[in-house]
Protein chains: 2
Amino acid sequence: MSPAKNAEILKKSLIFSSLNEDELSALAGLAAERSFQPDEFILWEGDEPDYFYVVAEGQVKVVKNSSTGREFIIAFFGPGEMFGEVAVFEGKPYPASAQATSACRILAIKRQSFLDFLATRPQVALRIINILGGRLRDAQGRLKDFAGERVEQRLARILLMLASRMGTTLRFTRQELADMAGTTTETAIRVTGGLSERGIIITSRGQIIIADEAKLKALAEGPPEI
Amino acid sequence: MSPAKNAEILKKSLIFSSLNEDELSALAGLAAERSFQPDEFILWEGDEPDYFYVVAEGQVKVVKNSSTGREFIIAFFGPGEMFGEVAVFEGKPYPASAQATSACRILAIKRQSFLDFLATRPQVALRIINILGGRLRDAQGRLKDFAGERVEQRLARILLMLASRMGTTLRFTRQELADMAGTTTETAIRVTGGLSERGIIITSRGQIIIADEAKLKALAEGPPEI
DNA sequence: CTGCTTATGTGATGTAAATCATAGTCCGCT
DNA sequence: AGCGGACTATGATTTACATCACATAAGCAG
């Protein structure tokens, strides 16, 4: 609840690292802190985009549900990362839901306050352009994967992407992996089972350790025969 | 080759509509005009991002090739639309290739000149944030489709998206549709054949006319039994 | 008009992965 | 300890789609 602490959090975020103390406290003053329990929803797909969010503590997943009822995980976000921004900028409903995957503290900034703040801070705008650009690059890369590659390759790439962000020990269930790779839990289990047999990963309940990153990369690149 | 004409083109582009005459001519002065023949490549995936591009005339497709050799079409861009921007902002190699699909005139602006221009124009930066946001929303929506929906639904959505941008007469081959939907030419032919039999679209060589948008929307939303 | 190329159309066959079914295992909980 | 609910595992069956293999048709160039 302390604005000073909020400023600290914002400062650590890539987005606001260019701001000086005064600007940080101005922004922190706009932010309200909210807490969420694991599995609690922070926002729902279709809601009006009243707030822009930054994770202070914990982890959030952004999900969309397909017409067949399956859940698709678009991304995980941790401390310092923003979400809900696309809707805020466009003024259209949130295109996906956000759900806490652990106990979370989230900073919420009113849409209009944030837009006003942004209009006079070109550096922050450029940062956001960078972040959006990176996310777009990532999404388009994944699109190509989904269009052309098979499940094993997609999973390998997802594991590598997760590892680059959180290290070699990944605390995700096969179900979550499946929801990220756009496959079923059974298939995710079978594929990770195969990787495990080949010594590329070490699996246990609720976690996967990457044992042989080189082999995983080779797998992700394409079929062995290249 | 006339800077005045370039300024006209830039003005019509959504990105620069907030600029005044002076700013437009300043930007137009930075732009070099280049012409491309159909099928000619404007930039290649992996190239250094030396230029930011805006389509003046004609149509461009942005493509990525999967490890299996298949081509995946990320997007088509027409007059006033930018491309290559993600790489320019991040300073990393272009993540995809751009190829002219018709005779084109393209405005090319040097990376650093554009970044400098942008640093002092928050309005333009906000516009770009909007455009990137829209593209990100679109890419994530498609991701969910690729992860969970069937080819018929994906194709239906692609046809609707194209129709919303270019009207009900779509000048694309089944091969191009297949490359957008991440399927094979044969399957695209079979699926469009089915839609044609049901009177939803009218097909002919190199073009598709949407005859019953409502039915197409119903198809795109999900399986009939809902 | 006559090829030649590019696009469309269709069948037969193969296969990766979904689906359905069932069971075992880990872990928190009272 | 023992219960219940996630999580993991594995087999059998089905299916959407890719792949392979031709056939026909439309547009274009000489």
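1. A salt bridge here is a side-chain nitrogen of Lys or Arg within 4 Å of a carboxyl oxygen of Asp or Glu. By that rule, the interface of domain 1 of chain A and domain 2 of chain A holds 1 salt bridge. Arg165(A) pairs with Glu81(A) in a salt bridge, with the closest N and O atoms 3.3 Å apart. Bear in mind throughout that this is a predicted model.

2. Now the domain layout. Chain A splits into domain 1 (3-144) and domain 2 (150-221). Taken over C-alpha atoms, the centres of these two domains of chain A are 27 Å apart. Their contact draws 11 residues from domain 1 of chain A and 10 residues from domain 2 of chain A.

3. How much area do the two domains of chain A bury between them? The figure is about 910 Å², with 48% of it on carbon and sulfur atoms. On the domain 1 side, Arg70(A), Ile73(A) and Phe76(A) lose the most area to domain 2 of chain A. Together these three residues make up 47% of what that side buries.

4. The domain interface of chain A also has 4 residue pairs in polar contact, both residues being at pLDDT 80 or more. On the side of domain 1 that touches domain 2, E5 and H5 of chain A are the elements that give two or more residues. E5(A) has the largest share, with 5 residues. By class, this side of domain 1 of chain A divides into 4 nonpolar, 2 polar and 5 charged residues.

5. Next, the contact between the protein chains. Chain A gives 45 residues to it and chain B gives 45 residues. The two chains bury about 4000 Å² between them. Carbon and sulfur atoms carry 71% of that area. Which three residues of chain A supply more of its buried area than any other three? They are Ile129(A), Arg137(A) and Leu143(A), and they supply 18% of the area that chain A buries against chain B.

6. Arg137(A) deserves a second look. Besides its part in that buried area, Arg137(A) forms a salt bridge with Glu90(B). The closest N and O atoms of this pair are 2.6 Å apart. Between chain A and chain B the count is 2 salt bridges. The count of residue pairs in polar contact between these chains is 9, both residues being at pLDDT 80 or more.

7. Which elements of chain A touch chain B? Strand E4 (60-65), strand E5 (71-77), helix H3 (85-90), helix H4 (111-119) and helix H5 (122-148) each supply at least two residues of that side of chain A. H5(A) has the largest share, with 21 residues. By class, the side of chain A that touches chain B has 21 nonpolar, 13 polar and 11 charged residues.

8. On to DNA strand C. There are 16 residues around this strand, and Arg150(A), Val151(A), Thr183(A), Thr187(A) and Arg205(B) come nearest. Of the strand C atoms within 4 Å of the protein, 60% belong to sugar or phosphate and the rest to bases. The surface near DNA strand C has 2 nonpolar, 5 polar and 9 charged residues.

9. Individual contacts to DNA strand C come from both chains. Thr183(A) has a polar side-chain atom 2.9 Å from a phosphate oxygen of the strand. Gly206(B) has a backbone N or O atom 3.2 Å from a phosphate oxygen of DNA strand C. Arg205(B) meets a base instead: an N or O atom in its side chain is 2.7 Å from a base oxygen of DNA strand C. Helix H8 (185-197) of chain A and helix H8 (185-197) of chain B are the elements that give two or more residues to this surface.

10. Last, DNA strand D. This strand is surrounded by 17 residues, the closest being Arg174(A), Arg205(A), Val151(B), Thr183(B) and Thr187(B). Sugar and phosphate account for 59% of the strand D atoms that come within 4 Å of the protein. The surface near DNA strand D divides into 2 nonpolar, 6 polar and 9 charged residues.

11. Where does DNA strand D meet protein N and O atoms? A polar backbone atom of Arg174(A) is 3.0 Å from a phosphate oxygen of DNA strand D. A polar side-chain atom of Arg190(A) lies 3.2 Å from a base oxygen of the strand. An N or O atom in the side chain of Arg70(B) is 3.5 Å from a phosphate oxygen of DNA strand D. H8 of chain A and H8 of chain B are the elements that give two or more residues to the surface near DNA strand D.

Technical notes:
Residues numbered from 1 in each chain as written. Chains lettered and ligands numbered in written order. Predicted model: local features only at pLDDT ≥ 70, side-chain atom pairs only at ≥ 80, totals over all residues. Heavy atoms only, no water. Contact = heavy atoms within 4.5 Å. Buried area = accessible area lost by both parts, 1.4 Å probe. Polar contact = N/O pair within 3.5 Å; in protein donor to acceptor, adjacent residues only side chain to side chain. Helix = DSSP H or I, 4+ residues; strand = E, 2+ residues; numbered from the N terminus. Nonpolar A, V, L, I, M, F, W, Y, C, P; charged D, E, K, R; others polar. Near = heavy atom within 4 Å. Domains from an automatic or database assignment.
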